[in-house]
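Reader: I should be grateful for a close look at one helix pair in this model and the way in which the two helices meet. Please then relate that pair to other parts of the structure.

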Amino acid sequence: MAATTSMMRCGEFKTSYAKDTTIFPTPMSRNFAILAVLLLLIAPLQIGDFQFLSRYQINLLIQIGYYSIAALGLNILVGCTGQISLGHAAFFGFGAFSSAWLSNNTGIPVFFTIPLAGLMTTAVGLIFGVPAARIKGLYLAIATFASQFILEDFFARADWFTGGSAGAMAMPFTLFGHELSGDRSYFYVVLAYLVVMFICGANLLRSRDGRAFVAVRDHYLSAEVMGINLTKYRILSFGVASFFAGIGGALYGHYLGYVSAEGFSILLSIQFLGMIIIGGLGSVMGTIMGTAFMVLLPEVMEFGASGLSGVAPGLTDGLAFLKEAAIGLAIILFLIFEPDGLAHRWKMTKAYWKLYPFSY
Amino acid sequence: MGKRMLLGAAAVAVLVGGTAQAAEKIAVGHLADYTGATSSVGKIYGQGVADAMAYINKNGGLAGAELAYETVDYSYEVPRAISTYKKWTGDDKVAAIQGWGTGDTEALVSFVAKDKIPYFSGSYSGHLTDPNGKNVKAAPYNFFYGPSYSDGCRALVEWAGEDWKAKGGSGKPKFVHMGDNHPYPNAPKAACAAYAKDKGFDVLEPIQYSLKPGDFKAQCLSLKDSAANYAYLANTAGSTISLLKSCETVGVNTQFMGNVWGIDETSMKAAGEAATGMVWVVGSATWQDDAPGMKLVREISKMSDPSGQEYRAVHYMRGICSVYYMKEAMEIAKQSGKVTGEAIKQAMYQKKDWVPAGLEGVCLPSGWTPDDHRGTTQVLVYQADTKGGKTDMKKVYTANIPRNPEWLGQ
């Protein structure tokens, strides 16, 4: 795992196993992470007419937030456990519908329905993960593909749960009777979940279960010989992935205020895979990087195309096509030139500057 | 030298134009489907909306104020429509929106009510006609030009009843609803089935077929087995073409009846002889008509087709009507102050059964009241004739559906 070994300065070395498995390899990297969260805390502030970020930029950050949470789940499943899922968008959708249904029908405040939706999605994910106990590789991919279609059809027909083809309204997030529905306030809800879920995800990988996941991925036969219950860990991995997808989906549902069956197609499942491949399989930080890349790429394309529209007027007409093509192209280029993802590229960049000017 | 002069003149024109534009702007959002499941008709309607707004701006705007409109193609995906809406209600709020599909419009009902933004949809779902929520969820800021889908379907049922008598059919005619499991085809399903039952039809189990064009022979076989006499096609034209062709292959004898988006001249051509005899709802004058208002329509058409040669299918005119009702309401609002969403909504109620100036004979006289957002309940039924490569159509029936209070919102 070249991608996860970190570069350390001369004289820094680890003397215990605990030190080797800390989330942040150096105090510096921890301080940077804390600083980033602090900066994000002030980002949506608006003082009079002054604002750090426009509402649209906040909207993009929120998107990165809820997609990252779901993508982290998929990364644990695909990058860490070596399984495959083509149905992640359906679990993301199930979380959104569950939270909307719970808050609309049971009177439970949205504050609690989001984690509950995560648990409901976990249950569904465990069921759909059962085939993983028996099948691997491409066969598993097709089995998870089925979960995508079964759930999508369920969304369109289960009137009692999803509102059927008409969709479901999702109530705004409230905290102590205060409604957090605008972008600027909902940002904090997503940020809080992002921090908590990422700490959970990173810690999971440091635990016994996390190491079991990696063992299953690296060599399932040896893992079994070592006493790891393959069936248990493969299915558990689907459950964990679904939990993250459910939380991400619920945040998405309450952000839009409306959940529609159409939003969770196979295309989104593929995009989730794209996020983790671009970010770096098996890398927690890479997940955020990959998601940010996937969310921002179409925006950058749009910005570039509208800038060029004066020179080449035909460009804006083909914009929709360009956006989709760019995402496909990005995945291909990453697979060829950077198979370890953005996380690896980031480490290389850091290493370059640490060794500067004596890099070799 | 001559070239330089021209450039200079152009620059001055841009500058002058720029300052005039800077005077006042009324932001309008335009949501269109150019690449999604309903793009076959979405392109025609969207072009009508865009051309009409461009024409208004070119001809002095709204008493000097420019319509600053942004067209967004949302591919008929509800989540994209909602995120676009969020963008439009962010830092600069739009005064009104020209929308499109039923799924997104119905999803946005409570958003536009909260934000007080009049929403002129391409969806004529009956659910949008109840501003006070007497029968269904209140939709106080939703408007649309044309007969609701439910009223359109009721008119087709009336026509079918007369057709059955004229053809000397005995017993109960069989009626079936066909469409996707989607908010748009579902909108008139219950209301129309109830009406058909009242009118003495035997209402069969609905048959489902996709909004996306495909092969529908399986559905045509079910239709053939059901021996339905009249089938109401609730999808849009692209899907209708596929269905008509599949059913022609299978050999179905059912009389097809299409919703207002069910077919048009372009798709009649694509469907060929399979479309012959199909009846459908038309909500305005057609391109071949000689109504006085068609002069303005042809001028508007030149905004995107300077040659004036392009044929515009029926949906184009309804797009123009939708913009012009909004325009006149904005003008009334402007006279009494600022063009806000609330003022536009109130202005929509000012006149009774009116036609926007210049569009006489094109738009059906419509009027909205604070209790009833059914603009018009008059339905024109046309029949297609595509024998031997023609794309003819003629009006065969005009229905005036009563404004039954129980039908409000259904």
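Author: In this predicted model, helices α2(B) and α12(B) are oblique to each other, because angles count as roughly parallel only under 35 degrees and as roughly perpendicular from 65 to 115. Their axes cross at roughly 40° and come within 7 Å. The first helix covers residues 39-58 of chain B, and its partner covers residues 314-335 of chain B. The crossing of α2(B) and α12(B) is right-handed.

The contact draws on both helices. From α2(B) come B:Val41, B:Ile44, B:Tyr45, B:Gly46, B:Gln47, B:Gly48, B:Val49, B:Ala52, B:Met53 and B:Ile56. From α12(B) come B:His315, B:Tyr316, B:Met317, B:Arg318, B:Gly319, B:Ile320, B:Ser322, B:Val323, B:Tyr324 and B:Lys327. By class, the residues of this contact comprise 12 nonpolar, six polar and two charged. An α-helix has 3.6 residues a turn, so residues three or four places apart point the same way.

The helix α2(B) may also be considered by itself. Its 20 residues reach 27 Å from the first C-alpha to the last, close to the 28 Å expected at 1.5 Å a residue. Of these 20 residues, 15 are buried, and α2(B) is thus mostly covered. After α2(B) comes B:Gly60, with a positive phi near 85°.

Another helix of chain B, α5(B), invites the corresponding examination. It runs over residues 149-166, and its 18 residues should span 26 Å at 1.5 Å a residue; the end C-alpha atoms are 25 Å apart, which agrees. Buried residues in α5(B) include B:Tyr149, B:Cys153, B:Arg154, B:Leu156, B:Trp159 and B:Trp164. Just after α5(B), B:Gly168 has a positive phi of about 70°.

A helix pair in chain A offers a second case of packing. Helix α4 (residues 88-105) of chain A packs on helix α6 (residues 137-157) of chain A at an angle of about 30°, and their axes are 8 Å apart. The helices α4(A) and α6(A) are therefore roughly parallel to each other. The crossing in which α4(A) passes α6(A) is left-handed. On α4(A), the contact is made by A:Ala89, A:Ala90, A:Gly93, A:Phe94 and A:Phe97. On α6(A), it is made by A:Ser147, A:Gln148, A:Leu151, A:Glu152 and A:Phe155. The classes in this contact are six nonpolar, three polar and one charged.

Two of the α4(A) residues in that contact, A:Gly93 and A:Phe94, are also touched by A:Gly249. The glycine A:Gly249 is placed in helix α11 (residues 230-256) of chain A. It has 34 C-beta neighbours inside 10 Å and therefore counts as buried, since 20 or more are required. Not counting residues up to four places away in sequence, A:Gly249 further touches A:Ala70, A:Phe92, A:Gly95 and A:Ala96. From A:Gly249 to A:Gln148, the separation is 101 residues in sequence and 15 Å in space, C-alpha to C-alpha.

The two chains also meet. Here 19 residues of chain B are in contact with 16 residues of chain A. On the side of chain B that touches chain A, α3 (78-88), α4 (102-115) and α6 (183-186) each supply at least two residues. The residues on that side are six nonpolar, seven polar and six charged.

Some loop residues of chain B complete the account. In the loop between β2 (66-73) and α3 lies B:Ser75, whose phi is near 55°, a positive value in a residue other than glycine. With 17 C-beta neighbours inside 10 Å, B:Ser75 counts as partly exposed. Phi of B:Ala227 is likewise positive, near 55°, in a residue other than glycine. The loop that holds B:Ala227 is the one between α8 (217-226) and β9 (230-233). B:Ala227 is exposed because 12 other C-beta atoms lie within 10 Å, and 12 or fewer is the criterion.

The loop between α13 (341-348) and β12 (378-385) of chain B contains B:Gly367. It has 15 C-beta neighbours inside 10 Å and so counts as partly exposed. Apart from residues up to four places away in sequence, B:Gly367 touches B:Lys351, B:Lys352, B:Asp353, B:Trp354 and B:Gly375. B:Gly367 and B:Val355 stand 12 residues apart in sequence and 8.8 Å apart in space, C-alpha to C-alpha.

Conventions: Residues are numbered from 1 along each chain as its sequence is written. Chains are lettered from A and ligands numbered from 1 in the order in which they are written. This is a predicted model: local features need pLDDT of at least 70, side-chain atom pairs count only at pLDDT 80 or more; totals for chains, interfaces and linings use all residues. Axes are lines fitted to C-alpha atoms, for helices over the stretch in contact, and angles run from 0 to 180 degrees between N-to-C directions. Helices (H or I, at least four residues) and strands (E, at least two) are DSSP runs, numbered from the N terminus. Angles under 35 degrees count as roughly parallel, over 145 as roughly antiparallel, 65 to 115 as roughly perpendicular and the rest as oblique. A crossing is left-handed if the near helix is turned anticlockwise from the far one by less than a right angle, and right-handed if clockwise. Two residues are in contact if their C-beta atoms, placed from the backbone, lie within 7 Å. Ala, Val, Leu, Ile, Met, Phe, Trp, Tyr, Cys and Pro count as nonpolar, Asp, Glu, Lys and Arg as charged, and the others, Gly among them, as polar. The expected span of a helix is 1.5 Å times one less than its number of residues.
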